[in-house]
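Q: I'd like to learn how to read a model like this one, feature by feature. Could we put it on screen and go through it together?

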Amino acid sequence: MLDIQRVLKQDRLLRAMTGLNRKAFEALLETFSRLYEAARQQQPRRRAVGGGRKARLLHTQEKLFFILFYFKCYPTFDLAGIIFDLHRSQAHEWMHRLQPLLEQTLGEKMVLPERKLASLEAFLERFPG
């Protein structure tokens, strides 16, 4: 399994794997953690607290690292599973669970790129060449 703590301590590795330096990662982590906890509070529990198996991506920084790594490198779910010591179905589930939170975090930080163009005219205006 990938040693996430080692990567988080080395700025060069962190940039290579997520595209962010340590300062940017920490700034994003604050908002991401808050939004993740809020989302967890809204979901109804299936088991009592402490029940079930323990998550491989235990801490919020590991979850943020996973989703940033996924979008930087776009590994298959099989490969992401091997790297993060997950089954491919769990890698798929984590990606779909964390993607909306990352989008919400980036939107709140005002760094989400404008992607939605309503018409062909808007596209030509945005990209004249």
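Q: In what order do the elements of the protein chain run from the N terminus on?
A: First, keep in mind that this is a predicted model. Then go along the chain and note each element as it comes: here the order is α-α-α-α-α-α-α. That comes to 7 helices and 0 strands.

Q: How big a box do the C-alpha atoms of the protein chain fill?
A: Take it along the principal axes, and you get roughly 55 × 35 × 30 Å. While we're on the whole chain, 29% of its 129 residues count as buried. Contacts are worth a look too: among those between residues at least 6 apart in sequence, 69% join residues at least 24 apart.

Q: Which residues touch the most other members of the largest nonpolar core?
A: For a core, ask who belongs and who has the most partners. This one has 29 residues, and Phe25, Leu64, Phe65, Phe66, Phe84 and Leu98 touch the most other members. The elements giving two or more residues to the core are α1 (4-9), α2 (11-18), α3, α4, α5 (77-84) and α6. Of these, α4 gives the most, with 7 residues.

Q: What does Phe65 touch, not counting residues up to four places away in sequence?
A: Quite a list: Leu2, Ile4, Val7, Leu8, Leu14, Met17, Thr18, Phe25 and Phe84. Phe65 is also one of the core residues that touch the most other members.

Q: Is Ala80 buried or exposed?
A: Relative accessible area settles that, with buried meaning under 20%. Ala80 has a value of 0%, so Ala80 is buried. Ala80 is found in helix α5, and touches Phe66, Pro75 and Ala91 once residues up to four places away in sequence are set aside. You can also compare chain separation with spacing: Ala80 and Met17 are 63 residues apart along the chain, and their C-alpha atoms are separated by 12 Å.

Q: Why does Thr60 count as buried?
A: Same test: Thr60 counts as buried because its relative accessibility is 18%, and the cut-off is under 20%. Thr60 has its place in helix α4. Leaving aside neighbours within four places in sequence, Thr60 is in contact with Leu29, Phe32, Ser33, Tyr36 and Glu37.

Q: What is Phe71 in contact with, leaving aside its neighbours within four places in sequence?
A: Phe71 lies in helix α4, and its contacts are Met95, Gln99 and Leu102. With a relative accessible area of 26%, Phe71 is partly exposed. The C-alpha atoms of Phe71 and Met17 are separated by 9.7 Å, though the two are 54 residues apart along the chain.

Q: Where is His92, and what is its relative accessible area?
A: His92 has its place in helix α6 (residues 88-108). Its value is 37%, so His92 is partly exposed. Its C-alpha atom is 6.0 Å from that of Phe77, 15 residues apart along the chain.

Q: What is phi of Tyr74, and what is phi of Asp85?
A: The background first: most residues other than glycine have a negative phi. Phi of Tyr74 is near 45°, a positive value, and phi of Asp85 is near 60°, also positive. Tyr74 is in the loop between α4 and α5, while Asp85 is in the loop between α5 and α6. Tyr74 is exposed, with a relative accessible area of 56%, whereas Asp85 is partly exposed at 35%.

Q: How much space lies in the largest pocket?
A: The idea is simple: rolling a probe the size of a water molecule over the atoms shows where empty space is left. The largest pocket here holds about 1300 Å³. Of its 31 lining residues, the closest to the centre are Arg45, Gly51, Arg53, Ala55 and Arg97. The elements giving two or more residues to the lining are α3 (22-42), α4 (60-73) and α6. By type, the lining divides into 10 nonpolar, 9 polar and 12 charged.

Q: Which residues does the UniProt annotation "domain: Transposase Helix-turn-helix" cover?
A: Treat an annotation as a record to lay over the model. The UniProt entry, an unreviewed one, puts this domain at residues 58-107. In the model, that span is 84% helix and 0% strand, with its end C-alpha atoms 25 Å apart.

How values were computed: Residues numbered from 1 in each chain as written. Predicted model: local features only at pLDDT ≥ 70, side-chain atom pairs only at ≥ 80, totals over all residues. Heavy atoms only, no water. Helix = DSSP H or I, 4+ residues; strand = E, 2+ residues; numbered from the N terminus. Buried < 20%, exposed > 50% of the residue type's maximum accessible area, 1.4 Å probe, protein only. UniProt positions renumbered as here; feature names shortened; annotations may be inferred. 1 Å grid on protein atoms, 1.4 Å probe; cavity = no way out; pocket = protein on both sides within 12 Å on 5 of 7 lines; lining within 4 Å. Points joined across faces, edges and corners; volume = space filled by probe spheres on them. Nonpolar A, V, L, I, M, F, W, Y, C, P; charged D, E, K, R; others polar. Contact = heavy atoms within 4.5 Å. Core = buried A, V, L, I, M, F, W, Y, C linked by side-chain atoms within 4.5 Å.
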